[in-house]
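Trainee: I've got a new model open on my screen and I'd like to learn how to read it. Can we go through it together?

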Amino acid sequence: MAVIEVALLHFKAEQDPSVTEALIQAQKAQEEHSKHKVRFLRQIEDPSCFYLMAGWESLERHSTQSIHYQGHLVQLADRIEVDWMFHLDADPSTFAIPFDAPVIAIGRYFVEASKKEEFTSILKPIVSGLADTTKKSFSYCSAWRIDKGGEDEEFVFFSGWKDIADHIEFAKSEAAENIAKLSQLVKGVEVKHACVQKWE
């Protein structure tokens, strides 16, 4: 089963050319062994944080092939910390993360397992409203986390926007009522914004 890898990297100190070069080499090595594009997104709320987005044909392949590129990251252990990493149940060849958008919203929703179906039901009209928004010109996609940290489920939603204000405006639109209902079902929500980081 193909999966999406999502990781959050935190720079402990100011980035310098040696760090950038090591990340470029790690990116190239991972792409070679995973056969999927690897991208970095810089978080807007905290520019010292970067998301690593990548694809694998299976969890097993990620586990067995990671040795081929992790060496580049090991040398950065004193300057970069991996805050977390997990996988999404999605095919990287069809998962339409809006990398072309100036701003990418990344929403993490923590849901009790017993409320998963209800959450999905309320989410549908929100997604429909997103698709019908005339200002919406970027793609969006979502998936459930596979390797859960506990009994709760985690749902991750990616959407593209021209800026953060555009995203906030949508949250205040006709979708606001359903978003409020959704918020009542979750145990926690984390929404951050990021932009594609090109190292070269």
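Trainee: Let's begin with the strands. In what order do they sit in the sheet?

Mentor: Keep in mind that this is a predicted model. To read a sheet, go across it strand by strand. Here 8 strands make an open sheet, and going across you meet β4-β1-β3-β2-β8-β5-β7-β6, with antiparallel pairing.

Trainee: Which strands stand at the edges?

Mentor: Look for strands with a single partner. Those are β4 (80–88) and β6 (140–144), so each has one side without a neighbour in the sheet. As for twist, neighbouring strands are turned against each other by 25° on average, direction ignored.

Trainee: What packs on the sheet?

Mentor: Helix α1, residues 17–34, does: it touches β1 (3–11), β2, β3 (49–56) and β4. The direction of α1 makes about 15° with that of β3.

Trainee: How do β2 and β8 pair?

Mentor: Follow the bridges from one strand to the other. β2 (residues 39–43) and β8 (residues 186–197) are joined in the antiparallel sense over 4 bridges. For instance, Gln43 has Ala194 in β8 as its bridge partner.

Trainee: Let me pick Arg39 in strand β2. How exposed is Arg39?

Mentor: Check its relative accessible area. Arg39 comes out at 28%, so it counts as partly exposed, since that label covers values between 20% and 50%. Setting aside neighbours within four places in sequence, Arg39 is in contact with Gln27, Tyr51, Leu52, Met53 and Phe99. Sequence distance can mislead you, too: Arg39 and Val196 are 157 residues apart in sequence, yet their C-alpha atoms are 7.4 Å apart.

Trainee: And Ile122, is that one buried or exposed?

Mentor: Ile122 is buried, because its relative accessibility of 15% falls under the 20% cut-off. You'll find Ile122 in helix α4 (residues 116–132). Beyond neighbours within four places in sequence, Ile122 contacts Asn178, Lys181, Leu182 and Leu185.

Trainee: Which residues touch the most other members of the largest nonpolar core?

Mentor: That core has 20 residues, and the ones to find are Leu88, Phe95, Ile106 and Phe158. At least two core residues come from each of β1, β3, β4, β5 (103–111), β6 and β7 (153–161). Domain 1 (3–89) and domain 2 (103–195) each give this core at least three residues.

Trainee: What does Leu88 touch?

Mentor: Not counting residues up to four places away in sequence, its contacts include Val3, Phe95, Trp144 and Phe158. Apart from this core lies another one, of 16 residues, among them Ile122, Phe155, Trp161 and Leu182.

Methods:
Residues are numbered from 1 along each chain as its sequence is written. This is a predicted model: local features need pLDDT of at least 70, side-chain atom pairs count only at pLDDT 80 or more; totals for chains, interfaces and linings use all residues. Side-chain values use heavy atoms; hydrogens and water are left out. Two strands pair if DSSP finds at least two bridges between them. Axes are lines fitted to C-alpha atoms, for helices over the stretch in contact, and angles run from 0 to 180 degrees between N-to-C directions. Contact means heavy atoms within 4.5 Å. Buried means under 20% relative accessible area, exposed over 50%, partly exposed in between (1.4 Å probe, protein chains only). A nonpolar core is a set of buried Ala, Val, Leu, Ile, Met, Phe, Trp, Tyr and Cys residues joined through side-chain atoms within 4.5 Å. Domain bounds come from an automatic or database domain assignment.
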